[in-house]
Amino acid sequence: MSWRTKRELLFLTDKDYKRLRPEEVKLLKEFRRTRRYRDEHDRTTKDLRKQIKEKRKKMDEYDLRLGVLYNKLSPLIEKYYFTVSITSFKKGPNKTEYFNLCINRPGLNPKSISLGNLNSVKQHLRLSFPDDIDKINKNWKTFLKVDSNGGRTYDIIHRTILGDPLMFNKNSYSKFDFLPIRKPSKKN
């Protein structure tokens with residue numbers, strides 16, 4: 001008798017049920033039912049593993065294709081990608097601190113736009129973002145960093161770069177170009 005026949009109780013056929021006690025028949029049926037469920041799950045698991053292996057292979061193909069496409073599109077990064085930071089420096093006999101909005105693009109020198117001294121910056125931000133005065137008063141630098149890397153200021157800079165990416169660093173800009181003065185929105 002093979003191990004499988006013994007382990008799976010295959011030597012007991014349906015005809016043998018008559019000779020078994022009722023509790024043994026019940027246990028045997030439960031065993032066979034559970035065994036069938038387990039085998040179904042085993043087959044399903046094997047199929048899923050095969051599908052996963054095929055999907056991973058397909059993902060590898062996509063990754064290779066994406067790498068080729070990314071390399072072909074890398075000039076777009078050099079042309080249009082940018083980040084914005086806020087820089088400061090001290091000047092004059094009183095060591096007054098001044099701030100710049102610094103637009104960084106890959107492979108190019110940063111483009112700095114003068115924002116002025118601390119009072120000038122805060123005042124201009126309050127005029128540019130009249131609905132966000134509380135945020136500006138709380139932490140103007142964080143507010144400007146967030147807005148210039150994903151808000152209205154970012155959108156203005158982005159449109160300006162898209163308009164003429166080659167001349168962007170050569171043109172002269174002021175804080176009014178990227179932080180225009182706005183009227184407060186009407187709140188109901």
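Colleague: Does His124 count as buried or exposed, and at what relative accessibility?
Modeller: This is a predicted model, so to speak of local features we need pLDDT of at least 70, and side-chain atom pairs count only at pLDDT 80 or more, while totals for chains, interfaces and linings use all residues. Residues are numbered from 1 along each chain as its sequence is written, and side-chain values use heavy atoms, with hydrogens and water left out. Buried means under 20% relative accessible area, exposed over 50%, and partly exposed in between (1.4 Å probe, protein chains only). His124 counts as buried, and its relative accessibility is 5%.

Colleague: Which backbone oxygen does the side chain of His124 reach?
Modeller: Contact here means heavy atoms within 4.5 Å, and leaving out residues up to four places away in sequence, His124 touches Lys175, Phe176, Leu179 and Ile181. A polar contact is a pair of N or O atoms within 3.5 Å; within protein, one must be able to donate a hydrogen and the other to accept it, and residues adjacent in sequence count only if both atoms are side-chain atoms. At 2.7 Å, the backbone oxygen reached by the His124 side chain is that of Leu179.

Colleague: Which residues of H3 are buried, and what arc do they cover around the axis?
Modeller: Helices (H or I, at least four residues) and strands (E, at least two) are DSSP runs, numbered from the N terminus. The buried residues of H3 are Val121, His124, Leu125 and Ser128. They lie on the same side of H3, because the arc (taken from the directions from the helix axis to the C-beta atoms) is only 100 degrees.

Colleague: What covers the buried residues of H3?
Modeller: Helix H3, residues 118–128, lies across S2 and S3 and runs at about 100 degrees to S3. Axes are lines fitted to C-alpha atoms, for helices over the stretch in contact, and angles run from 0 to 180 degrees between N-to-C directions. The cover includes S2, S3, H4 and helix H6 (175–178).

Colleague: In what order do the three strands of the open sheet come?
Modeller: Two strands pair if DSSP finds at least two bridges between them. Strand S1 (83–91) and strand S3 (111–117) each pair on one side only, as edge strands. The pairing is antiparallel, and the order is S1-S2-S3.

Colleague: Which residue in the turn of the S2 and S3 hairpin has a positive phi?
Modeller: Strand S2 (residues 96–104) pairs with S3 in the antiparallel sense over six bridges. Within this pairing, Phe99 has Gly116 as its bridge partner, and Ile103 stands opposite Lys111. Six residues lie between the two strands of the hairpin, and the one with a phi of about 80 degrees is Gly107.

Colleague: Which helix gives the most to the largest nonpolar core?
Modeller: A nonpolar core is a set of buried Ala, Val, Leu, Ile, Met, Phe, Trp, Tyr and Cys residues joined through side-chain atoms within 4.5 Å. The largest has 22 residues, and those touching the most other members include Leu101, Leu125 and Trp140. S1, S2, S3, H3, helix H4 (133–148) and helix H5 (152–163) each supply at least two residues. With four residues, the top giver is H4.

Colleague: Is Gly163 buried or exposed, and what is its relative accessible area?
Modeller: Gly163 is found in helix H5. This glycine is exposed, and its relative accessible area is 64%.
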